[in-house]
Amino acid sequence: MPTATGTAVRILTGGDEPPVTIPRDPAREAARRELSKRMYHENDPSWFHKALNAFWDWVGELFDAASTTTPGGTLGLTVVIAAVIAVVGALWWRLGTPRRQPVSAPALFDDRPRSAAEHRAAAEAHAAQGHWNQAVQERMRAIVRSLEERALLDLRPGRTADEAATEAARALPAHTDRLRAAARGFDDVTYGGRTATEEAYRAIAGLDHDLERSRPRLAGSTAGAHGTDHDTSRGAAG
């Protein structure tokens, strides 16, 4: 196919007719107008491709500049970059996706009051479907609601899981560690972006069962002095 310049020349000279002498500046302007027509630019790269090419050119220049100052040149720079990527990947895998932590932990319960039995039923329903996050949440709520129903905790709508565990540990000191672990598990899946497991749910469900059978420490009692719990079929409110 004829080139764009050749086409411009033929137009200016009238095809096969003898060439016409044209001053340099008018000839240049005529050629510029001819070459500015759309037909000559249909296959030009788009602005996006131009910007992308410019970006990769900049990256290449940056890489070349860095390789000249890194021991070992390009190979040394490649090793450094690979090491950095490996460290970042390991931290991401170990710590999970970074999430903004709340300034203060939200309340344990929502606005709709439910009984401990209702929370347990909801937890079991979630567990049956493999929804372990929701199952852990509802079981922790069942524990706290049960302690409130037994008058081991006062009714306080704004209470957090950590506060409930701390207060419950005073009446049930033998379960202090498990109560704190349950509160941490609740916070992890509710506010920390963690994913609960079946094992985590079974642990908190076991705690709920054991607390139901535990007698609280009474002030001035021998059992309370030693911080032990005794199995009983009824709680403090019974």
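Here are a few worked exercises on this predicted model.

**Exercise 1. Work out the overall make-up of the protein: how many helices and strands are there, and what percentage of the residues is buried?**

Start with the secondary structure, which comes to 10 helices and 0 strands. Next, look at burial: 28% of the 238 residues are buried. Now turn to the surface, where the protein exposes about 16100 Å², with carbon and sulfur atoms supplying 58% of that. Finish with the contacts: take those with a separation of 6 or more, and 59% of them join residues 24 or more positions apart.

**Exercise 2. Find the largest nonpolar core and say which helix gives the most to it.**

The core has 30 residues, and those touching the most other members are Met 140, Ile 143, Leu 147, Leu 179, Tyr 201 and Ile 204. As for who contributes, α5, α6, α7, α8 and α9 each put in at least two residues. The biggest giver is α6, with 7 residues.

Zoom in on Ile 143. Skip its neighbours within four places in sequence, and you're left with contacts to Leu 179, Ile 204, Leu 207, Asp 208 and Leu 211.

Then check α7 (residues 161-171), whose buried residues include Ala 161, Ala 164, Ala 165 and Glu 167. The buried residues of this helix pack against α6 (132-149) and α8 (176-190).

**Exercise 3. Classify the aromatic pairs in the structure.**

There are 2 to sort out. Take Trp 132 and Tyr 201: their ring centres are 6.0 Å apart and the planes sit at 35°, so this pair is tilted. Trp 132 belongs to helix α6 and Tyr 201 to helix α9 (residues 198-212), so the pair ties together parts 69 residues apart in sequence. Both Trp 132 and Tyr 201 are buried.

Now for Phe 186 and Tyr 191, with 6.2 Å centre to centre and 75° between the planes: that makes an edge-to-face pair. Phe 186 and Tyr 191 are both buried too.

**Exercise 4. Trace three of the salt bridges and decide for each residue: buried or partly exposed?**

The structure holds 15 salt bridges. Begin with Asp 208 and Arg 120, whose closest N and O atoms are 2.7 Å apart. Asp 208 is in helix α9 and Arg 120 in helix α5, so this bridge ties together parts 88 residues apart in sequence. Asp 208 and Arg 120 are both buried.

Move on to Glu 124 and Arg 139, which meet at 2.9 Å, N to O. This bridge links helix α5, home of Glu 124, with helix α6, home of Arg 139, across 15 residues. Glu 124 is partly exposed at 38% relative accessibility, whereas Arg 139, at 10%, counts as buried.

Last comes Glu 148 with Arg 145, at 2.5 Å between the closest N and O atoms. They're 3 residues apart in helix α6, which means about one helical turn separates them. Glu 148 is buried at 8% relative accessibility, and Arg 145 is buried at 13%. Both also belong to a network of salt bridges with Asp 154, Arg 156, Arg 159, Glu 163 and Glu 167.

**Exercise 5. Locate the nonpolar surface patch and explain why Leu 52 counts as partly exposed.**

The patch is formed by Trp 47, Phe 48, Leu 52, Phe 55, Trp 56 and Trp 58, with about 770 Å² of accessible area together. Leu 52 sits in helix α3 (residues 47-69). Its relative accessible area is 33%, and partly exposed covers the range between the 20% and 50% cut-offs, so Leu 52 fits that class.

Terms used:
Residues are numbered from 1 along each chain as its sequence is written. This is a predicted model: local features need pLDDT of at least 70, side-chain atom pairs count only at pLDDT 80 or more; totals for chains, interfaces and linings use all residues. Side-chain values use heavy atoms; hydrogens and water are left out. Patches are made of residues with over 30% relative accessible area and no salt bridge: like charges are joined within 9 Å, nonpolar side chains (Val, Leu, Ile, Met, Phe, Trp, Tyr) within 5 Å. Accessible areas come from the Shrake-Rupley method with a 1.4 Å probe; for residues, only the protein chains shown count as cover. A salt bridge is a side-chain nitrogen of Lys or Arg within 4 Å of a carboxyl oxygen of Asp or Glu. Helices (H or I, at least four residues) and strands (E, at least two) are DSSP runs, numbered from the N terminus. Buried means under 20% relative accessible area, exposed over 50%, partly exposed in between (1.4 Å probe, protein chains only). Contact means heavy atoms within 4.5 Å. Rings of Phe, Tyr and Trp (its six-membered ring) pair if their centres lie within 6.5 Å; planes under 30 degrees apart count as stacked, over 60 as edge-to-face and the rest as tilted. A nonpolar core is a set of buried Ala, Val, Leu, Ile, Met, Phe, Trp, Tyr and Cys residues joined through side-chain atoms within 4.5 Å.
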